[in-house]
Amino acid sequence: MNRSAPEFLYQQVIDFVEKQAKNGALRPGDKLPSLRKLGQQFGISVPTVKQAYVELERQGTISARPQSGYYLNAKHARTLQPMRAKWAQCQPVEVSCRSLIEQVYDAVHVPGTTALGISNPVNAHPPDKTLARLMRTVLTRTAEKAVSYGPVNGDPKLRLTLALRYQELGVDVNHHDMVITNGAQEALSIALQCVANKGDIIAVESPCYFGLIELIESLEMKALEVYTCTEDGVCIDELEKVLNNHPVKACLFATAINNPLGSFMPESGRQRLVKLLESRDIPLIEDDVYSDLYLTENRPVPAQYYSEKGLVMTCSSFSKTAAPGYRVGWLIPGKFEETAKRIKRAQSCSTSMLQQWTLTDYLLSGDYDRHLHVLRKILRYNRERMIDLIAKHFPPETCISMPQGGSVLWVRCRSVVDTSYIFRQAISHGISFAPGQIFSPSGKYQHYMRISFGVKWSDDIDKAIEKLGELVCAYTATNSERVQQ
Ligand SMILES: Cc1ncc(COP(=O)(O)O)c(C=O)c1O
């Protein structure tokens, strides 16, 4: 610090942080030195450093995280804003976008591919060693029971442990009603079959997770898109209009954190949503897989909490938090408990017990919560780094979401860009992402792409984003010219 310089000391701290960010010594997502440490380093008081940090926070350069410290934000990114223009209401559609979805899945398993197309946050911090150790203990303990059939609705201890976790959130869940499933996807499938039949209209968010679209397609139901805001999730005013115009049989929404938007529905929104649907006797199937990956301060409370008529069915799993390969999920079926168990029995009989026991021990040991804490921290860091990289390499008009949960970014390119075309080019360069089109039953979002930041960071990620940026820039330049001619 130069005490005789004309600038205030706090301004010199600001200059120091900005310089560190500029020369790469501090990268987006990095934690800044604590107030005390920087104060000691420069021989200045803690309030002076604090004044600098508060100013940097006001400018949007850094963010404070409660009980953690200050972190450097991604710079220069244009944040995707909620749509201001009027949303033209959609019609129900029979869906079909299988081939592109298949290619996205296939790309995950091609050796050497930088897979940014599938949302697998566990990649960022896999708990494989702890789970392997627990599974070995379980195998020794359970002996031949491990190869037998388990109860249709799953291990009672796992159900009880999960129910207690919901009760801690204030949700009154009875573990006898719960059904353990093969991932959230089976829970969603059972829930849909409990309340709707072939040809029925299911309201979904727009954009929404492509697995839901495929599920609706396979059950020969119709999907009806409802405008979903980048910040607050599904738009309830819009939903009300949709319900007035169409005989919607059920709603299938990520009531807390949407994939691909990373939007976060506020508590009041969830309450209003349940009230609206239950007043019309319309079941709500809530897809809650991302709720433990909140990047805000607190975990969202499931919409189940607000249900008075038992019309809310909650679906979740360990796939986004611990082990997608274990295929363990669950369904809280509301008043459809008997039907749900019957469908589970008919559909898959039971879920592998070995994985259920291992995950029960994981939960009870406290390791799961410790793991979640670290995973969320890494995801926050990755989010900033990924936003920064995209902002650096993509054309300047690119807009990027600021997800409040989950592990993906929703990126909007110029409207001339066809991201399905770029997807095919990227695959040939050993890079995958998810083209926007697969997130809409009617094929909207052609100029959007979903990029996962649930990754183990390496130089390959930096190179992949640089290459993707190159492809988008080249496509935009060529096709903008064509449009202008
Ligand atoms: C929003 C959403 N719902 C459900 C699922 C399916 O979860 P599971 O792997 O537990 O079946 C996914 C998986 O990507 C998802 O992103």
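A residue counts as buried when its relative accessible area is under 20%, as exposed when it is over 50%, and as partly exposed in between, with a 1.4 Å probe and protein chains only. Keep this definition at hand for the tour.

The structure is a predicted model, in which local features need pLDDT of at least 70, side-chain atom pairs count only at pLDDT 80 or more, and totals for chains, interfaces and linings use all residues. Residues are numbered from 1 along each chain as its sequence is written, and side-chain values use heavy atoms, without hydrogens and water.

**The whole protein**

Begin with the protein in full view. Along its principal axes, the C-alpha trace spans about 80 × 65 × 45 Å. Its radius of gyration is 24 Å, which agrees with the value near 23 Å for a compact globule of 485 residues; this radius is taken over C-alpha atoms, and the globule rule is 2.2 Å times the number of residues to the power 0.38. Colour the model by secondary structure: there are 15 helices and 17 strands. These are DSSP runs numbered from the N terminus, with helices (H or I) of at least four residues and strands (E) of at least two. Of the 485 residues, 56% are buried.

**Buried residues in helices**

Select Leu158, which is placed in helix α6 (residues 156-168). Leu158 is buried, because its relative accessible area is 0%. Add Tyr53 to the selection: the C-alpha atoms of Leu158 and Tyr53 are 45 Å apart in space, while the two residues are 105 apart in sequence.

Next, select helix α7 (residues 183-195), where 11 of the 13 residues are buried. Among the buried ones are Gly183, Ala184, Leu188 and Cys194.

Move on to Lys341 in helix α11 (residues 337-348). Is Lys341 buried or exposed? Its relative accessible area is 16%, so Lys341 is buried. A polar atom of the Lys341 side chain lies 3.2 Å from the backbone oxygen of His176. A polar contact is a pair of N or O atoms within 3.5 Å; within protein, one must be able to donate a hydrogen and the other to accept it, and residues adjacent in sequence count only if both atoms are side-chain atoms.

**The ligand**

Select the ligand and the 13 residues around it; Ala184, Asp287, Ser317, Ser319 and Lys320 come nearest. A residue is near a molecule or strand if one of its heavy atoms lies within 4 Å of it. Which distances separate the ligand from Ser319 and Lys320? An N or O atom in the side chain of Ser319 is 2.6 Å from an oxygen atom of the ligand, and an N or O atom in the side chain of Lys320 is also 2.6 Å from a ligand oxygen. For Gln185, a backbone N or O atom lies 2.9 Å from an oxygen atom of the ligand. Taken alone, the ligand exposes 390 Å², and the protein buries 91% of that. Such areas come from the Shrake-Rupley method with a 1.4 Å probe; for residues, only the protein chains shown count as cover.

**Aromatic rings**

Now display the side chains of Phe, Tyr and Trp. The structure holds 16 aromatic pairs. Rings pair if their centres lie within 6.5 Å, using the six-membered ring of Trp; planes under 30 degrees apart count as stacked, over 60 as edge-to-face and the rest as tilted.

Select Trp410 and Phe439. Their ring centres are 5.3 Å apart and their planes meet at 75°, so the pair is edge-to-face. Trp410 belongs to strand β14 (residues 408-412), whereas Phe439 lies in the loop between β16 (434-435) and β17 (448-452), 29 residues apart. Both residues are buried. Extend the selection to the aromatic cluster that includes Trp410, Phe439 and Tyr445.

Tyr445 lies in the loop between β16 and β17. Its phi is positive, about 65°, although Tyr445 is not a glycine. At 9% relative accessibility, Tyr445 counts as buried.

**Two cis peptide bonds**

Finally, inspect two prolines. The bond from Ser206 to Pro207 is cis, with omega near 5°, and Pro207 is in the loop between β6 (201-206) and α8 (210-218). The bond from Asn259 to Pro260 is also cis, with omega near 20°; Pro260 is in the loop between β9 (248-253) and α10 (267-279).
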